[in-house]
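Me: Could you take a close look at the largest pocket for me, lining included? I'd like the cut-offs spelled out too.

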Amino acid sequence: MSVRDFTVEQAASLAPGDQHYRAFVGPTYRYDLIGAQQFALLYLLGLRETHRLLDFGCGSLRLGRMAIPYLLEGRYFGIEPEPWLIDDGFARELGEDARRVKAPRFDHNTDYRTDVFGTQFDYIIAQSIFSHTGEAASRRALESFRASLAPGGLIVVNWMVGEEQPQFDPDTSDWVYPECVTFRPERIERIAAEAGLAVRACPWWHPGLNWYVLAHSEADLPDPAFLAALALQPLSR
């Protein structure tokens, strides 16, 4: 049996980046947690079934298995360079009927392009993308996001915030997954400004990263008091 065919229980022993649809996108024991966390945050930030959502780096539909059934037909879009992850996400988690009924659209480019669908998005989310690459790619992606963001829309992304590490320097690092690149808050704010976006930290809980919300203007960002109310940690059972 190949690793790709492992059951969820067998995959629990795999390392992040291994060739299983759950392990490839991160620690398997966080697969459900990270997906639910993203969906809950998007809902609290106003995502409704009529909106168009771009899941940038959608992987094996960790978020998509919740967002695709929720959104109306044709409202979910995913960009993922590894097509097999999407295929296994449907085969092992969501079912092919969801692809037929909800008609999600996917693209596999590696150039951070978000204009490939010919539409604008009300919400764009990128979970643990900028935590694995440096400043140049972050800026390029944010510029692409801004061009594809509908008026009044929101971009929801996260970085690993802390002292920058010389072995994975944000100035020079490319894609280093499963290793991580650390950013100082002032660098994140500068990159966002250079991409033409307003940015605000979001205290929504994450086991290792820090969330940020970005928009075309300060007026489009959620109120600071509302964001402060999101500083909650989920119950553990």
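Reply: Here's a walk through the pocket, with a short stop at the cysteines afterwards.

First, the ground rules: this is a predicted model, where local features need pLDDT of at least 70, side-chain atom pairs count only at pLDDT 80 or more, and totals for chains, interfaces and linings use all residues. Residues are numbered from 1 along each chain as its sequence is written, and side-chain values use heavy atoms, leaving out hydrogens and water.

A pocket here is an open set of points on a 1 Å grid over the protein atoms alone, where a 1.4 Å probe fits, with protein on both sides within 12 Å along at least five of seven lines; lining residues have an atom within 4 Å of a point. The largest one comes to about 840 Å³, counted as the space filled by probe spheres set on the points. It's lined by 39 residues, and Ser128, Ile129, His132, Trp175 and Tyr177 sit closest to its centre. Two elements, α2 (31–44) and β1 (53–56), give two or more residues each to that lining. By type, the lining splits into 20 nonpolar, 14 polar and five charged residues.

As for the cysteines, there are zero disulfides, taking one as a pair of cysteine sulfur atoms within 2.5 Å. For Cys180, the nearest cysteine sulfur belongs to Cys202 and is 19 Å away. Cys202 counts as buried because its relative accessibility is 6%, whereas Cys180, at 26%, is partly exposed (buried is under 20%, exposed over 50%, partly exposed in between, with a 1.4 Å probe and protein chains only).

Note on methods
Helices (H or I, at least four residues) and strands (E, at least two) are DSSP runs, numbered from the N terminus. Ala, Val, Leu, Ile, Met, Phe, Trp, Tyr, Cys and Pro count as nonpolar, Asp, Glu, Lys and Arg as charged, and the others, Gly among them, as polar.
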